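This report looks at nonpolar cores, a helix pair and a sheet. The structure is shown below.

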Amino acid sequence: MRISLLAAILLVLFPASLSAEKLVATLSSDEVRISSNFSGTTISVFGIIQRDRQSVARGSPYDIAVVIEGPPRTLVTRKKERLFGIWLNAKSARFPGVPSYYQLLTTRDLDNFTTDITRARYRLGGENVLLSGGTGDAENENFKEAFVRLQNDRQLYDYRPGGVSFLAERAFNAEISVPAVVATGRYQVRILLFRDTALLDSTVSEIVVSKTGFEEFVTRNALERSFFYGLACVAVAIGVGWLGGVVFRRG
Amino acid sequence: MEIYLPIAEMTVNIALIFAMGASVGFLSGMFGVGGGFLITPLLIFSGIPSAVAVATVAAQVLASSTSGALSYWRRRSLDVRLGLVLSIAGSVGSLSGVYVFKVLQQLGQLDLIIALSYVTFLSVVGGLMLNESVRAMISRRTGQQMSVKRPGQHNWIHKLPLKMRFKRSKLYVSAIPVVVLGGSIGFLGALLGIGGGFMLVPAMIYLLRVPTTVVIGTSLFNIVITMSVATVSHAVTNQSVDIVLALSLMLGGVIGAQFGAEAGQKMRGEQLRALLAVIILAVGVRFMYDLVTVPDELYSITQIGGAQ
């Protein structure tokens, strides 16, 4: 009795180390290069669940969650109110350190294999990325709900149950969509393996989104050498203006 | 065809941008205005962030004003001294405008101030212009002469101290209204993404009594300088000048302006002014509409920085 209690406690504390399943996954690409005709792209995830020889196949199904989180940013949610007949921004909630992009792909709807606690613990679902530490009206549920809803509308927060599919009993794949409005930076891809609301294993990998070529040149100069970039813009504008006059001069 | 804007960090349809630039260019060629007060709202209504729209249009207005300024320069149809006083005040105004812009952005009230300013100035200027041009059209029909205030006649402005002599305009007038005028136009230009010519020209004619032969050239000269200052300071302070967007607008604008100038020759002055007044009022009304109607979405999100 005591030994099985000890084993149960250990299993709860160190699920991965005592689990017989191991998750192995790979991405079709670990970088996204933004060039002039960039309009979004997709990255494929392929993975298998390795099971060691001793373990016995149990009845309940596996569930996979693939979470993609973009670089952290400070985002402010504002609410309009009517004042003197016009609508203007009044109250606001500031959320520091939230991912600028969040995508969640799962085999089934989250309710089937997670509880509120596991969702909060493993940051599954847009509402669970709002860490405490927000200021203003950050604790207000309305602001939190509006934040997730607006991010969804802007295609920056996405939840797709059924976005992960099993190709065979222990091989799965998912398609990560990268929209055109993504920010540059390091994106973290976490893949979690669940069974019966328990986490069996997880892996972490990274995707780097960067601008290339001309776009990178322009952005880098605009940010790092802004004065010269400004002068260059002025020179281009005056040049185009002068050229326009020359080309179309009518005596 | 989609093109990625590196500073705005979004893709736009380049045909749409080109069409916007060309149609506003057409109007600017027809009426002799910069068109910033039309392009900036158009870009904002199309979903481009206002910070990028205002800063980028400053560069675009610079381009379209340069070709006009150069042709007036060649003909010596401008008052350099007056232009310089206006521009120095205008540059200071521009720098202040960019600073206020940044502060408003951080407070989350930039869009509101831009909308309110557009509503105010466009309604006032559009209303005055419509009033004047309709009366001119009526007087032409009825054959009655309107009482025209000719340049050279004095008003209360000419009683102010610190007078300067502007030979080219045959003016001896206080520097104070010139500085105030130049400074305000420069400030508004940097804040709203407009050249301000459509406000500066009537102010110079009616308030300062500058002769009509040098007014437009001097105004364009002033716009070139203040918009250059605005572009560089927006680039340094807000990093929101998108050169790709600016170039796309400029190309459409230059081509549109040529056709517009031709079309404008065929219409009478007061008809053109009435038409321009109607367009100005329409843009003002659109901003007003957005301000007073219940928005579809009460909440909005903006990013204000990195992880902290």
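## Nonpolar cores

In this predicted model, the largest nonpolar core has 98 residues, and those with the most contacts inside it are Tyr229(A), Leu5(B), Phe37(B), Leu43(B), Phe198(B) and Met204(B). Helix H3 (residues 50-74) of chain B supplies the largest share of this core, 13 residues. Another core, of 56 residues, lies apart from the largest one and includes Leu23(A), Leu110(A), Tyr122(A) and Leu193(A).

When neighbours within four places in sequence are left aside, Leu5(B) is in contact with Met10(B), Val12(B) and Ile48(B), and also with Asp242(B), Val244(B) and Leu245(B).

## A helix pair in chain B

The axes of helix H5 (residues 110-142) of chain B and helix H7 (residues 197-208) of chain B come within 11 Å and cross at roughly 55°, which makes H5(B) oblique to H7(B). Their crossing is left-handed.

On the H5(B) side, Phe121(B), Leu122(B), Val125(B), Met129(B) and Glu132(B) take part in the meeting of the two helices, and they face Phe198(B), Met199(B) and Tyr206(B) from H7(B). Of these, Phe198(B) is also one of the residues with the most contacts inside the largest core.

## A sheet in chain A

Four strands of chain A form an open sheet in the order S1-S3-S11-S10, with antiparallel pairing. Strand S1 (21-27) and strand S10 (164-168) each have a single partner strand, so one side of each is left without a neighbour in the sheet. From one strand to the next, the twist averages 25°.

S10(A) pairs with strand S11 (residues 171-178) of chain A over four bridges in the antiparallel sense, and Ser165(A) stands opposite Asn173(A) in S11(A).

Note on methods: Residues numbered from 1 in each chain as written. Chains lettered and ligands numbered in written order. Predicted model: local features only at pLDDT ≥ 70, side-chain atom pairs only at ≥ 80, totals over all residues. Heavy atoms only, no water. Pairing = 2+ DSSP bridges. Axes fitted to C-alpha atoms, helices over the stretch in contact; angles between N-to-C directions. Core = buried A, V, L, I, M, F, W, Y, C linked by side-chain atoms within 4.5 Å. Buried < 20%, exposed > 50% of the residue type's maximum accessible area, 1.4 Å probe, protein only. Contact = heavy atoms within 4.5 Å. Parallel < 35°, antiparallel > 145°, perpendicular 65-115°, else oblique. Left-handed = near helix turned anticlockwise from the far one by under 90°.
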